[in-house]
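User: I'm new to reading protein structures and would like a close look at a single part. Could you walk me through it slowly?
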There are 2 protein chains.
Amino acid sequence: MRAGPTQEEIRRHNLGTLLRYVHVHGATSRAELTTRLGLNRSTIGALTAELTTAGLVSEAAPRETGRAGRPSLVVRPESSKVFAYALSIEVDRLRAARVGLGGRILDRRETDRPRGMQVLDAVEPLAEFVHELRREAPDDSRYVGTGVAVAGMVRRVDGVVRLAPTIGWVEEPVGAALRTELGYLGPLTVANHADVSALVEHARGAAIGCDNVIYLHGDVGVGAGIIADGRRISGHGGYGGEVGHMVVNPYGRECSCGSRGCWETEIGEAALLKYAGRTDRSGRDAVLDVVDAAMRGDSQAQFAVRQVGEWIGFGVGNLINIFNPEAVIFGGTMRDIYLVAAAQIRSRLNAIALPACREHIRLRTPELGPDAALIGAAELAFERLLEDPLLG
Amino acid sequence: MRAGPTQEEIRRHNLGTLLRYVHVHGATSRAELTTRLGLNRSTIGALTAELTTAGLVSEAAPRETGRAGRPSLVVRPESSKVFAYALSIEVDRLRAARVGLGGRILDRRETDRPRGMQVLDAVEPLAEFVHELRREAPDDSRYVGTGVAVAGMVRRVDGVVRLAPTIGWVEEPVGAALRTELGYLGPLTVANHADVSALVEHARGAAIGCDNVIYLHGDVGVGAGIIADGRRISGHGGYGGEVGHMVVNPYGRECSCGSRGCWETEIGEAALLKYAGRTDRSGRDAVLDVVDAAMRGDSQAQFAVRQVGEWIGFGVGNLINIFNPEAVIFGGTMRDIYLVAAAQIRSRLNAIALPACREHIRLRTPELGPDAALIGAAELAFERLLEDPLLG
């Protein structure tokens, strides 16, 4: 329990609120900010002036209003001048980007990640990407921090990757390794890939305005980022959302985690390829090929998609009973499977989920696509600035 | 996004914070409030004076400090003068209580609820209880509202019970029926039984200081109240936590909800009695008899407890992977089964839950027992007062 804030805390809170508004919504007129934030015009003017001085926003007259009277100035985030580095460590690739305030990707790099690549070997190219991005950043631009998204379970306090079976890492100090390699950089935060994607789809994508959201991400395995009552559920240590290891079939196959019948043994890459009779292949492309074949009428591929779709509906039904969300977003390879198996997933889900829990559910695909992980990783870095824009 | 508060809003917020502190923690010295709330002594003095004038707290010198100097006054909630009515509609009984600020049960009533009793028949004795409690309340005491806990899925906005299979109600306007019957009463809020119990165990019971908690409640069926990051997860319509309808056994028995293999078909009352060969009985006592028999060495009862214990561990393991909680609390009949099957539940759970998700988990029984539902129901009524103590 905390007592109310001081005047100075309120001012800083208001600065953060205004900056966050334009960060999420983009260019906004002073008049609209007055309405949206419930502050009077002179306060908005003072806050905007302060943020402009700090180099965080800029103001300009709108192009043409077509209305009489002095037009309201438009406030926009300084996207080209204030930026974060975003890194994404995925099963089959490593990505880095320079992301401007407002969530705009300004520059990016990408390379393949051979399966089995170890942490130190992954950190090196990522650091090289950051050096490159840094060299190309304008001299007058301002760096605020680095965020890292990893397809694995990340300990919140220090960025240790506890378990990332699909990447093959266990108890790897990814945060520390990156901090060492990028020594000169300030704050660095590591989080789970699905979690940051959920945040971004919630703020800017397919789940705008939904306070209860499950973002499901398929790659080799399956994870989720969960938003409840507008906030990300991260759990005690930061490991919430491991829905891929919800056991759905007690008589099912062994899972890489040591358990049996986990959801991802029924809907993950290996399950789809096995049902499709394509165990000689692996990776995202192999999954997409099965989906394509199913659309083209290949009966074994259709069987595979049907089997996996059945189990997707099953598990999503369970999650709907547990969370009563408004939206479920199918990301990564789940998106492609969802697009060909939507009717079946919906029908299976309807059989499992209680009517009250599912009555307002919307099934969606991501709007930001694979960029969500990068924009979300940058979000981790912007968070401090948005909490207190004058922190420096 | 909301801008910062005004001075007046801050004062009211501080009044609420102080009142909430003594409501949850009981009598507290001004000195300790100064520390806990991070406010200076004169502010605490002014807030306390205002709450005293409003009749919400009282102040007195402590009995004996044994220390030199003027002792710090002790602030306590006016438990005997400010109260709510709490009603609880359960599978086999109806309860009502007058609960004082601070969560003290001042007076109570209870009657059996025959299975099959309909809403109107249940509302009548509950209303009669409230009239009785009211007649016996001191003349100078102040009523703030009524809270109702129901063992079913409750629509947040209007208190309609959407589905309560164990009570046998579907789409019943419990909130409206009670409001009609208790016409003269002010605000009335209806919520799920497990949800309010979770709130109370979190604030005052077995999960104090834990921000991520699953409170599991067993009666005929199984439900949960879930606290994530310190806040109750209620979902879009208020139906979150229906873990009893997480399907754990796709090849399992039909469930009352229309699905198959729901968790409660494996761990609910019917499953335990079936495994124990006692399908001629039902109710809480029948469950407790099986547990007793198992403790006394009855082999069929032991088999039943083992079977159910296995599935309890299974489902709890799933929930731990999804939520990464610090504590799981076993309430209702789950408590009794947990007490005889703890080792087995723990072992099964360990096989299912990922090590990182379960590493700090504590398994607990409730500290407030069956009173949690009543104190929690009253909490729904106190909430408005605590948000703004001078609202009137």
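How many residues does the contact take from chain B and from chain A? Please also take a close look at helix α11 of chain B.

Analyst: Happy to help! This is a predicted model, where local features need pLDDT of at least 70 and side-chain atom pairs count only at pLDDT 80 or more, while totals for chains, interfaces and linings use all residues. Residues are numbered from 1 along each chain as its sequence is written, and chains are lettered from A and ligands numbered from 1 in the order in which they are written.

The contact takes 52 residues from chain B and 52 residues from chain A, with two residues in contact if their C-beta atoms, placed from the backbone, lie within 7 Å. On the side of chain B that touches chain A, the elements giving two or more residues include α10, α11 and α12 of chain B. Helices here are DSSP runs (H or I, at least four residues), numbered from the N terminus.

Now to α11(B) itself. This helix covers residues 333-352, 20 residues in total, yet its end C-alpha atoms are only 23 Å apart, short of the 28 Å of a straight helix; that expected span is 1.5 Å times one less than the number of residues. α11(B) also bends by about 85 degrees at B:A341, the angle between axes fitted to the seven residues ending there and the seven starting there.

B:A341 is also among the buried residues of α11(B), as are B:Y338 and B:I345. Buried means that 20 or more other C-beta atoms lie within 10 Å of a residue's own, with C-beta atoms placed from the backbone. The buried residues of α11(B) pack against several elements of chain B, including α10 (299-323) and β15 (327-332); a strand such as β15 is a DSSP run of E, at least two residues.

Notes. Buried ≥ 20, exposed ≤ 12 C-beta atoms within 10 Å, placed from the backbone.
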